Amino acid sequence: MTYASASMPLQPGRVQLTLRYLRRNKSLTLGLIVLFGLIAFTAIGFLTIDPKDAYPLSAPTRRAPSWDYPFGTDFFGRNLLAAMVVGMWQTAAIGLLAGVIGTAIGVVLGFTSAYFGGWTDAIIKNICLILTPIPVLLIQVVVAGSLDKRDVTILMMALIIVMLGWMGTTLVVRAQVLTMKERQFVAVAKLSGMNSIGIIFKEIMPNLLPFIAAALVVQVFAAVFASFYLAVLGLGPLREPLLGNIIWAAQGQGAFFNGWWWWPIAPSVAMILILGSLALINMGLDELANPRVRKTE
Amino acid sequence: MILRLIAKRLLFLLLVMWSASTIVFFVPRLSDINPIRERFAELARTGGFSPADLEKIIESYTRQFGLDQPLLQQYWDYMGQIVRFDFGYSLNRYPATVMDLIMQAIPWTLTLLLVTTILSFVIGNLLGALSAWPRAPGWVRAIATPFILLTGVPPVIMGVLLLFFIGFRLKLLPLGGAYSIGIVPDWGDVGFWLDLMRHQILPALALILGSVGGWVLSMRGMGITIQGEDYVTFAEHKGITPGRIFRDYYLRNTLLPQATGLALALGTVVSSAIIVEGLFGLPGIGTALNNAIRSNDFPVIYGIVLFITAAVATIMVLMEFVYPLLDPRIREQ
């Protein structure tokens, strides 16, 4: 007891510990910095520009980047700066929606499968395994292609992506719960008479949180990627300035052939920053979730 | 034993194909959009026939495609067609069948895919293994790092950037298409082949640069783990040459997991290639899909999707029979 209280003042605070960890985990830090930069860009953007400028016929057409239009304007008269702000926000919305829904489905199914075992496990596992080899993008193409493109919304986009995007998380969570189930603390909890709901939420869940966080980032990454690919194929909500839609439109009008280089470049750079920050955060979280590769000071 | 395994994998393949084709059958029928109406309404808009004729045409097509039959009957007929690899006719380029269009496009896609996948797999794995190897020269690590940074960049964006820097700014390579406009394809002419190659460099580069980083990353991770293994230390003490340790201890042990990784990544690799083809306007599956989407040619969209799914799933299952050749431990079982 005296030992603990004596060392108390020396114990660094939570914030300090986090900061110290971030200094060690460079990819997580860099990823978070880029992500916060993007959030700041979108937030400041919404405060300073008119979101209506992101839609056609709001600006003079085909202007190269200048002081008035930092990212230029496109063939349809969109102010690309405004389009980036709105497009970034929409990309984030699709990514987060699809990511959260996909992770939730994955966690529930993974838990059910691993914890109850037997037939439940066999069915869920085999469905996942059978659906995994199907190239998800192509099925998404069929779904998105069957919808009337005039009334596809952001939410619909997210749901299309989630439809075949939960198997990975399910299998990961299932594998983790399976190993955790065999650990001694679960056996102790069981022997002490805890019911399965209690064991799931009080014993297994807290240990699983880093994995779920990592799975969420992977899901968001996959969702952003998928929505981008669909939009590049011209299957998104065509009215919206989604980053992929802008590249699709630029390609359709032969932007490079006509010398309007800034048109596809702006959404490409934005996409690189979004996906890059998510990839870095994912690498950083991997390290956090997997103590074996966690770097020590 | 081996027969049972083959039967099991075949059943798995059948299940994969069945679920994919069931999704492709039911999803469009759940939506209220009518592919035939959509297509002919578009034709009517561009001028051609009167609205009264339009209804008649739609009706006759609906009957011809069997869309007036009960759903289960349609499903049964459709499955029968799928089994025979008959995806019906293209609405846009009638009387060409969907299979004709796919067969025209597939050599382009297959060549691009084979070349880029093999190159990026070999380059990525060698770079990754070397950058994890303590004896490797410093410049290897210097090359590997930029590739790792490119991991998150989708090949399409890589394509846009390459088009901008190399095609647009430096004007070194063409901006798209399979060959220069005005050239008549002549497969016996060397000049035509050279022109063809020039047009393939940027799309191939986009695909390679977009995927090398992933291989570098996973291979490096494994290389670092192997480094700590006792058998490597033992081999070093035995006096085995570094070159042999690299080849027989590093590469050999990572071959199986990396081959598995390749099988798992196949779906993404194919999807990326299709989209990059569309971006560069190469006459492969990607452009066929792009055109089909732009012109509401639904049978072509569904046909391409099912064809690619079948191909990817088949290759994945076939890969499983390659694993025992790569790893003697699996052979034993």
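**Two helical chains and the contact between them**

In this predicted model, the centres of domain 1 and domain 2 of chain B, taken over C-alpha atoms, are separated by 41 Å. Domain 1 of chain B covers residues 32-83, and domain 2 of chain B covers residues 104-299.

The secondary structure of chain B consists of 13 helices and zero strands, so that every element in its pattern, read along the sequence, is α. The C-alpha trace of chain B spans about 85 × 60 × 40 Å along its principal axes. Of the 333 residues in chain B, 35% are buried. Among contacts in chain B with a separation of 6 or more, 69% are accounted for by residues 24 or more positions apart.

Chain A may be described in the same terms. Its secondary structure comes to 12 helices and zero strands. The C-alpha atoms of chain A fill a box of roughly 70 × 55 × 30 Å, taken along the principal axes. Buried residues constitute 44% of the 297 residues in chain A. Where contacts in chain A join residues at least 6 apart in sequence, 69% of them join residues at least 24 apart.

Within chain A, helix α11 (243-252) is mostly covered, with nine of its 10 residues buried. The buried residues of α11(A) are L243(A), G244(A), N245(A), I246(A), I247(A), W248(A), A249(A), A250(A) and Q251(A). After α11(A) comes G254(A), which has a positive phi, near 60°.

Within chain B, attention turns to the packing of two helices. Helix α11 of chain B, residues 285-294, packs with α12(B) at an angle of about 145°, and the two axes are 8 Å apart. The crossing of α11(B) and α12(B) is left-handed. On the side of α11(B), the contact is made by I285(B), A288(B), L289(B), A292(B) and I293(B), while α12(B) contributes V300(B), I301(B) and I304(B). The residues of this contact comprise eight nonpolar, no polar and no charged. An α-helix has 3.6 residues a turn, so residues three or four places apart point the same way.

The next topic is the contact between the chains. In total, 36 residues of chain A are in contact with 40 residues of chain B. On the side of chain A that touches chain B, at least two residues are supplied by each of α5 (118-131), α6, α10 (196-232), α11 (243-252) and α12 (262-289). The most is given by α6(A), with nine residues. By residue class, the side of chain A that touches chain B divides into 29 nonpolar, six polar and one charged.

One helix pair shows part of this contact in detail. Helix α6 of chain A, residues 136-146, and helix α12 of chain B, residues 298-326, have axes that come within 9 Å and cross at roughly 165°. Angles over 145 degrees count as roughly antiparallel, and α6(A) and α12(B) are therefore roughly antiparallel to each other. Their crossing is left-handed. From α6(A), the residues L138(A), I139(A), V141(A), V142(A) and G145(A) meet I301(B), Y302(B), V305(B), I308(B) and T309(B) of α12(B). The residues of this contact comprise eight nonpolar, two polar and no charged.

Helix α12(B) thus belongs to both of the helix pairs described here, since α12(B) packs with α11(B) and comes within 9 Å of α6(A), axis to axis. I301(B) is listed in the contact with α11(B) and also in the contact with α6(A).

Note on methods
Residues are numbered from 1 along each chain as its sequence is written. Chains are lettered from A and ligands numbered from 1 in the order in which they are written. This is a predicted model: local features need pLDDT of at least 70, side-chain atom pairs count only at pLDDT 80 or more; totals for chains, interfaces and linings use all residues. Axes are lines fitted to C-alpha atoms, for helices over the stretch in contact, and angles run from 0 to 180 degrees between N-to-C directions. Helices (H or I, at least four residues) and strands (E, at least two) are DSSP runs, numbered from the N terminus. Angles under 35 degrees count as roughly parallel, over 145 as roughly antiparallel, 65 to 115 as roughly perpendicular and the rest as oblique. A crossing is left-handed if the near helix is turned anticlockwise from the far one by less than a right angle, and right-handed if clockwise. Two residues are in contact if their C-beta atoms, placed from the backbone, lie within 7 Å. Ala, Val, Leu, Ile, Met, Phe, Trp, Tyr, Cys and Pro count as nonpolar, Asp, Glu, Lys and Arg as charged, and the others, Gly among them, as polar. Domain bounds come from an automatic or database domain assignment. A residue is buried if 20 or more other C-beta atoms lie within 10 Å of its own, exposed if 12 or fewer, and partly exposed in between; C-beta atoms are placed from the backbone.
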